[in-house]
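Trainee: Could you take me slowly through a single part of this model, choosing one helix and following what it packs against and what comes after it?

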Amino acid sequence: MKRTMFRAIALALFVNVVTLSSNAWSQSKEPAATALPHKVGLIDMAHVFKNYKKFEALRDELKDEIAASEEQAKSMQEELLALQKAMKALVEGSPEFAKAEPQYVKMAGEFETFRRSASREFLKKESQIYLQVYNETSDAVSKYATHFKYTLVLRFNREDLDTENPQNLLQGMNRQVVYHKAEDDITVDVLNHLNKQFTKAASTPAAAPSATTPPARRETKKPAATSKN
């Protein structure tokens with residue numbers, strides 16, 4: 001009798017626990033009253049880098065530096081070759097040769113050090129340019145997404161499939177985004193904002209770009225129009 005009552009009490013407790021747990025899970029699944037619906041945006045970062053005027057200007061400045069460095073390296077190399085040619089006319093072991101040899105070794109070392117140092121420096125500067133443009137683009141995307149209530153922005157490729165090149169075609173068909181609405185692509189809006197800010201800063205160096213102004217959104221006559229990626 002006691003065993004039967006104990007089993008009944010245990011069963012009742014178990015049912016209550018399961019019911020409470022079920023209610024708790026149900027409540028946790030209910031969305032918060034202030035939660036925003038998901039809104040996904042897409043941006044082609046490669047397109048932004050390719051068409052951002054500041055990125056082009058910074059790379060042109062770097063190209064000028066590289067050209068000047070190459071001219072200096074060419075001058076050093078010519079001096080080195082001239083000394084090497086002069087040493088060939090000297091008798092090995094002579095006082096003149098003994099005097100020219102350490103000079104040649106020193107110049108060769110300086111030339112190689114200059115080339116390696118310049119290469120490292122330019123690679124570093126190039127990576128800093130990419131980082132700067134990436135950070136500026138990310139900041140513009142953040143402002144745009146906040147202003148227009150986007151909850152997620154993904155990278156994608158907005159270019160059409162290359163049907164002439166089999167390898168590019170296969171790569172294109174492996175894109176993660178298979179379908180999207182035209183208004184989901186925020187690439188042009190962000191790019192226009194970046195170019196506008198850069199042009200403004202270039203024309204008025206003393207004026208700093210606004211940190212709070214979000215990129216403007218294009219007006220679309222057919223917001224329901226769709227496109228395939």
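Mentor: What follows is a close look at helix α4 and its surroundings, in a model that is predicted.

Helix α4 covers residues 95-147, and a check on its length is a sensible place to begin: its 53 residues should span 78 Å at 1.5 Å a residue, and since the C-alpha atoms at its ends lie 79 Å apart, the expected and computed spans agree.

The packing partner to consider is α6, which runs over 187-203. The axes of α4 and α6 are 10 Å apart and meet at an angle of about 120°. Because angles of 65 to 115 degrees count as roughly perpendicular and those over 145 as roughly antiparallel, this pair is classed as oblique. The crossing of the two helices is right-handed, and the residues that make the contact are Glu 136, Thr 137, Ala 140, Val 141 and Tyr 144 on the α4 side, with Asp 189, Val 190, His 193 and Leu 194 on the α6 side.

Within that contact, Asp 189 of α6 deserves a separate word, because its relative accessible area is 4%, which places Asp 189 among buried residues. Leaving aside residues up to four places away in sequence, Asp 189 touches Tyr 144 and also Pro 215, Ala 216, Arg 217 and Arg 218.

The same region can be read through the nonpolar side chains. The largest nonpolar core has 22 residues, and those with the most contacts inside it include Ile 43, Tyr 150, Ile 186, Val 190 and Leu 194. Helices α2, α3, α4 and α6 each supply at least two residues of this core, the largest share, 8 residues, coming from α4. Apart from this core lies another, of 8 residues, with Leu 83, Phe 97, Ala 100 and Met 107 among them. Returning to Ile 186, and again not counting residues up to four places away in sequence, one finds that Ile 186 touches Leu 42, Ile 43, Val 141, Tyr 144, Tyr 150 and Val 153.

Finally, there is the stretch just after α4, where Lys 149 takes a positive phi of about 65°. Most residues other than glycine have a negative phi, and this is the background against which the value should be read. Lys 149 sits in the loop between α4 and the strand β2, which covers 152-155, and its relative accessibility of 48% is why Lys 149 counts as partly exposed, given that exposed means over 50%.

Definitions and conventions
Residues are numbered from 1 along each chain as its sequence is written. This is a predicted model: local features need pLDDT of at least 70, side-chain atom pairs count only at pLDDT 80 or more; totals for chains, interfaces and linings use all residues. Side-chain values use heavy atoms; hydrogens and water are left out. A nonpolar core is a set of buried Ala, Val, Leu, Ile, Met, Phe, Trp, Tyr and Cys residues joined through side-chain atoms within 4.5 Å. Buried means under 20% relative accessible area, exposed over 50%, partly exposed in between (1.4 Å probe, protein chains only). Helices (H or I, at least four residues) and strands (E, at least two) are DSSP runs, numbered from the N terminus. Contact means heavy atoms within 4.5 Å. The expected span of a helix is 1.5 Å times one less than its number of residues. Axes are lines fitted to C-alpha atoms, for helices over the stretch in contact, and angles run from 0 to 180 degrees between N-to-C directions. Angles under 35 degrees count as roughly parallel, over 145 as roughly antiparallel, 65 to 115 as roughly perpendicular and the rest as oblique. A crossing is left-handed if the near helix is turned anticlockwise from the far one by less than a right angle, and right-handed if clockwise.
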